[in-house]
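Visitor: Please take one part of this chain and go through it closely. I would like to know how that part sits among its neighbours and in the chain as a whole.

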Amino acid sequence: MKTFELTPTNGQKSFYKKAIVINTDRISLLKSYDTIVAEYNHDTKKMQVFGWYSKTTALHINSFLNLFGFDSCNKKQLQNYK
């Protein structure tokens, strides 16, 4: 298992270790603060977002989506992401 700090895609310099990507062979998880908020499956190429938490966590999730080639989402889209 490897971890790295997520890089912002909105022009910010850093998320200051508040958004961490946890990689296994098949799955990448996004940990925002102390909560797993999204998951990308490398085998199926499917993304799961586990809801909307806060404006800051939404920035983390959107950077995670962009990392894997997905479009950014607004609050309503994140609440209903499938």
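Guide: Among contacts between residues at least 6 apart in sequence, 32% join residues at least 24 apart. The model is a predicted one. Its chain holds 2 helices and 5 strands, in the order β-β-β-β-β-α-α along the sequence. The radius of gyration is 12 Å, close to the 12 Å that the globule rule gives for 82 residues, so the chain is as compact as a globular protein of that length. Of those 82 residues, 34% count as buried.

The part to look at is strand 3, residues 27-32. Its side chains alternate between two faces. Ser28, Leu30 and Ser32 point to one face and are buried, with under 20% relative accessible area. Ile27, Leu29 and Lys31 point to the other face and are not buried.

Strand 3 has a partner in strand 2, residues 19-23, and the two pair in the antiparallel sense over 5 bridges. A hairpin of 3 residues joins strand 2 to strand 3. In this pairing alanine 19 stands opposite serine 32, one of the buried residues of strand 3.

Strand 3 also pairs with strand 4, residues 35-41, again in the antiparallel sense, over 6 bridges. Here leucine 30 stands opposite alanine 38 of strand 4; Leu30 is on the buried face too. The hairpin of strand 3 and strand 4 has 2 residues between the strands, and tyrosine 33 in this hairpin takes a positive phi near 55°.

Notes: Residues are numbered from 1 along each chain as its sequence is written. This is a predicted model: local features need pLDDT of at least 70, side-chain atom pairs count only at pLDDT 80 or more; totals for chains, interfaces and linings use all residues. Side-chain values use heavy atoms; hydrogens and water are left out. Buried means under 20% relative accessible area, exposed over 50%, partly exposed in between (1.4 Å probe, protein chains only). Helices (H or I, at least four residues) and strands (E, at least two) are DSSP runs, numbered from the N terminus. Two strands pair if DSSP finds at least two bridges between them. The radius of gyration is taken over C-alpha atoms; the globule rule is 2.2 Å times the number of residues to the power 0.38. Contact means heavy atoms within 4.5 Å.
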